[in-house]
Amino acid sequence: MRDFNDLLVWNARIGLTLALYRATDHFPKSEMFGLVSQIRRAGASIPTNLAEGCGRVGDGDMGRFLQIAMGSASELDYLMRLAKDLDYFQACEYQQLGEELGEIRRMLTGFL
């Protein structure tokens with residue numbers, strides 16, 4: 001079993017998840033159960049899957065959960081682009097979140 005608190009990608013992902021929650025606070029109320037919920041769920045899914053993978057014994061399990069985390073990162077990438085296209089994100093906010101997500105995807109790729 002691994003200690004996920006020592007993983008750099010874990011710490012980076014927590015920061016992005018918190019930033020996503022804050023950034024979606026100002027989205028239209030009509031998106032609360034749509035885009036806001038999907039962005040938050042995809043954002044939280046990455047560290048959740050890292051934690052679950054670290055809690056498993058075999059490397060095969062860890063690899064499977066890393067792949068799920070990578071899928072969630074791809075889903076989040078699309079959802080963030082959609083929110084930007086709908087003008088829900090400010091340009092600088094979208095750029096910063098996108099850079100953080102890109103770094104996390106690179107770290108996940110390195111683990112895989």
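Mentor: Before we start, accessible areas here come from the Shrake-Rupley method with a 1.4 Å probe, and for residues only the protein chains shown count as cover. This is a predicted model, in which local features need pLDDT of at least 70 and side-chain atom pairs count only at pLDDT 80 or more, while totals for chains, interfaces and linings use all residues. Residues are numbered from 1 along each chain as its sequence is written, and side-chain values use heavy atoms, with hydrogens and water left out.

Trainee: Okay, how much area does the protein chain expose?

Mentor: The protein chain exposes about 6200 Å², and carbon and sulfur atoms supply 54% of that area.

Trainee: And what share of the residues is buried?

Mentor: Of the 112 residues in the protein chain, 42% are buried, where buried means under 20% relative accessible area, exposed means over 50%, and partly exposed lies in between (1.4 Å probe, protein chains only).

Trainee: Switching topic, how many helices and strands are there?

Mentor: The protein chain has four helices and zero strands, so its elements read α-α-α-α from the N terminus on; both kinds are DSSP runs numbered from the N terminus, helices being H or I with at least four residues and strands being E with at least two.

Trainee: What share of the contacts joins residues 24 or more positions apart?

Mentor: Among contacts (heavy atoms within 4.5 Å) with a separation of 6 or more, 71% are between residues 24 or more positions apart.

Trainee: How many salt bridges does the structure hold?

Mentor: It holds five, counting a side-chain nitrogen of Lys or Arg within 4 Å of a carboxyl oxygen of Asp or Glu. One of them pairs R40 with D25, whose closest N and O atoms are 2.8 Å apart.

Trainee: Where do R40 and D25 lie?

Mentor: R40 is in helix 2 (residues 35-54) and D25 is in the loop between helix 1 (8-24) and helix 2, so the pair ties together parts that are 15 residues apart in sequence.

Trainee: Is R40 buried or exposed, and what about D25?

Mentor: R40 is buried, at 16% relative accessible area, whereas D25 is exposed, at 53%.

Trainee: Which residue does D77 meet in a salt bridge?

Mentor: D77 meets R81, at 3.3 Å from N to O, and the two are four residues apart in helix 3 (residues 59-85), which separates them by about one helical turn. D77 counts as buried at 19% relative accessibility, while R81 counts as partly exposed at 44%.

Trainee: And what is the N to O distance for K84 and D85?

Mentor: Their side chains meet in a salt bridge at 3.7 Å. Elsewhere, salt bridges that share partners join D77, R81 and R105 into one network.
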